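Subject: The structure for you to look at

Hi,

Here is the structure I promised to pass on. Please open it next to this email and follow along.

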Amino acid sequence: KPPLTPHAPPLNVASLQGVQIKELFDILVSQDSNVTESSPGKTPYISSSQQNNGIAAFVYGSPSQDANTITVARNGSVGSAFYHSYAYCASPDDVRILKPKFVMNKYSALFLTVLIEKEKYRYAYGRKFGTKRLKETKIFLPVKSAGVPDWEYMEKFIKARPFSVNL
């Protein structure tokens, strides 16, 4: 299938600017029970898995976390980042939840998850990607004048990728 938009403007690497994750997101810790203490059900449970968008199981009960957020594994598959367009429950030990301070759509979220994952090499089981390190981590974004992230460009960039029509 063709991309949603045939072309994205070229990325000007010189125009990228470092932005701390804490400037873009509130970093939250789930208050959910561990998956081993939950009964099977229909609510996605996000853990430190690198597969299945981080979903480790489906549990009984109402979701506790909002849709339109990103999770980042701090244990296990440290640094794995996933966008969730749906509400879910999450491991309090294994993931941190990034709740946007801006209007985020699935395209800008996917752009950001790739940049967050690029930081994986810095972390491991013995050097966790916890709340403090997440807050201080900088990701390099295309910006408009005055240092405002260029969300429109990020959306166009993702929509120009092959198979973007499947998102």
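Below is what I found, going from the pocket to the strands and then to the salt bridges. Please keep in mind that this is a predicted model.

**The pocket**

I started with the largest pocket, as that may be what you open first. Its volume is about 240 Å³. The lining is made up of 15 residues, and those that lie nearest the centre are Leu11, Phe111, Val114, Leu115 and Phe140. Three elements each give two or more residues to this lining: helix H2 (106–117), strand E9 (138–142) and helix H4 (151–159). What kind of residues line the largest pocket, by class? There are 12 nonpolar and 3 charged residues, and no polar ones.

Helix H4 is worth a second look. Its buried residues are Tyr153, Met154, Ile158 and Lys159. Both H2 and E9 are among what covers these buried residues, and H2 and E9 also appear with H4 in the pocket lining.

**Two strands to compare**

In a regular strand the side chains alternate between the two faces of the sheet. Strand E2 (residues 25–28) shows this together with a split in burial: Phe25 and Ile27 point to one face and are buried, whereas Asp26 and Leu28 point to the other face and are not buried. E2 runs antiparallel to strand E8 (residues 95–100), and 4 bridges join the two. If you want a place to find this pairing on screen, Ile27 stands opposite Leu98 in E8.

Now turn to strand E6 (residues 81–84). Are its side chains buried or exposed? Ala81 and Tyr83 point one way, Phe82 and His84 point the other way, and all of them are buried. The partner here is strand E5 (residues 69–73), which is antiparallel to E6 and joined to it by 4 bridges. Within that pairing, Thr71 has Phe82 of E6 as its bridge partner.

**Salt bridges**

Side chains of opposite charge can pair when their charged atoms come close. The structure holds 7 salt bridges, and I picked out three to describe.

Lys22 and Glu136 form one of them, with their closest N and O atoms 3.3 Å apart. Lys22 lies in helix H1 (residues 21–24) and Glu136 in helix H3 (residues 131–136), so this pair ties together parts that are 114 residues apart in sequence. Lys22 is partly exposed, with a relative accessible area of 32%, and Glu136 is also partly exposed, at 43% relative accessibility.

Another salt bridge links the side chains of Arg122 and Glu119, at 2.4 Å from N to O. Here Arg122 counts as partly exposed, at 40% relative accessibility, but Glu119 counts as buried, at 11%.

The last of the three brings us back to H4. Glu152 forms a salt bridge with Lys156, and the closest N and O atoms are 3.3 Å apart. How far apart are Glu152 and Lys156 along helix H4? They are 4 residues apart, about one turn of the helix. An α-helix has 3.6 residues a turn, so residues three or four places apart point the same way. Glu152 is partly exposed, with a relative accessible area of 48%, and Lys156 is partly exposed as well, with 37%.

That is the tour. Do write back once you have had a look around.

Best wishes

Notes:
Residues numbered from 1 in each chain as written. Predicted model: local features only at pLDDT ≥ 70, side-chain atom pairs only at ≥ 80, totals over all residues. Heavy atoms only, no water. 1 Å grid on protein atoms, 1.4 Å probe; cavity = no way out; pocket = protein on both sides within 12 Å on 5 of 7 lines; lining within 4 Å. Points joined across faces, edges and corners; volume = space filled by probe spheres on them. Nonpolar A, V, L, I, M, F, W, Y, C, P; charged D, E, K, R; others polar. Buried < 20%, exposed > 50% of the residue type's maximum accessible area, 1.4 Å probe, protein only. Pairing = 2+ DSSP bridges. Salt bridge = Lys/Arg side-chain N within 4 Å of Asp/Glu carboxyl O. Contact = heavy atoms within 4.5 Å.
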